[in-house]
Amino acid sequence: MRKSTEKTGKNAGTERVAAAGGAGEAAGAEAAPRARRRGRPPRDRSGPPTSERILSEATALFARHGMEGVSMRDIAGRVGIDVSSVHHHFATKESLYDACFARVFEAERAGLAPAVRGLTEAVRSGPDGSGVVEALRDLVDAFVDFLDDHPHTTFLWLRRWLDPTRHSPLDEAYALPIYHEIEQALLDAAGRGAVVEPTPHVTVRSLVWAAHGHVAALTAAGGDAVAAAREKREFRAYAHRLIGRLYAPPGADAERDS
């Protein structure tokens, strides 16, 4: 009888130890968070992807300092990541520079698409040049609106154009496609007799440079809201007046401000 009691006691003790150990392990499993490897901080999945953050900060830096004035380490510091992470997404500074222009180009093309379609439809509608003039005014307004909302676009291009021969493939890939589309619409309008336009490439580039100059003037105005509002109002009036004079039918009054 005693042996049986001792055995029972031992078994009970063993069971209590095992139970306590199992409970401890379970509690430990719940309480102890999974160990994280030391090194880079955890990724914030609530914000934009890392590649988009890199492009956004790189665009701002390239627009302010030009390609030569920015290092990959500068960009990494603005994003708050290691420079190796920047190289993981963009192997070289040149590829990142190109990607910044591609990103701006896609945004610009999307922003101008409705106005460009409006121009081509006005050209197809018939020989009445007034429809083409109004569509061109709408297109200039859309372009100015885009640049006002994305001023880094202007300064990205202006710094690229400081050296006209370097990085010229950027123009071919991210500027000329839009230029050529508008130039072709003007050529078609001239072919239908809607307007007289012997040099559409000069007209398009002149309007583009004028719009970029407008953005530079807005930036120079700084925080002067009155000067900025005047610049916006006067530049649009000038652009509308210029288009009216360029494409007014012979003998018609070209002073058609709107």
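1. In this predicted model, the side chains of Asp-171 and Arg-160 meet in a salt bridge, with N and O 2.5 Å apart. Asp-171 belongs to helix α8 (residues 168-174) and Arg-160 to helix α7 (residues 151-161), so this contact ties together parts that are eleven residues apart in sequence.

2. Are the two partners of this bridge buried or exposed? Asp-171 is buried, with a relative accessible area of 16%. Arg-160 is buried too, with a value of 3%.

3. The salt bridge between Asp-171 and Arg-160 is one of ten that a search of the whole structure finds.

4. Another salt bridge pairs Asp-141 with Arg-236, whose closest N and O atoms are 3.5 Å apart. Asp-141 sits in helix α6 (residues 129-149) and Arg-236 in helix α11 (residues 225-247), so the pair ties together parts that are 95 residues apart in sequence.

5. Arg-236 also forms a salt bridge with Asp-145, and here the closest N and O atoms are 2.4 Å apart. This pair links distant parts of the chain, with Arg-236 in helix α11 and Asp-145 in helix α6, 91 residues apart.

6. Which residues are linked with Arg-236 in a network of salt bridges? They are Asp-141, Asp-145 and Asp-148.

7. The accessibility of these residues should be read one by one. Asp-141 is buried at 18% relative accessible area, because the cut-off for buried is under 20%. Arg-236, at 22% relative accessibility, counts as partly exposed. Asp-145 also counts as partly exposed, at 37%.

Terms used:
Residues are numbered from 1 along each chain as its sequence is written. This is a predicted model: local features need pLDDT of at least 70, side-chain atom pairs count only at pLDDT 80 or more; totals for chains, interfaces and linings use all residues. Side-chain values use heavy atoms; hydrogens and water are left out. A salt bridge is a side-chain nitrogen of Lys or Arg within 4 Å of a carboxyl oxygen of Asp or Glu. Helices (H or I, at least four residues) and strands (E, at least two) are DSSP runs, numbered from the N terminus. Buried means under 20% relative accessible area, exposed over 50%, partly exposed in between (1.4 Å probe, protein chains only).
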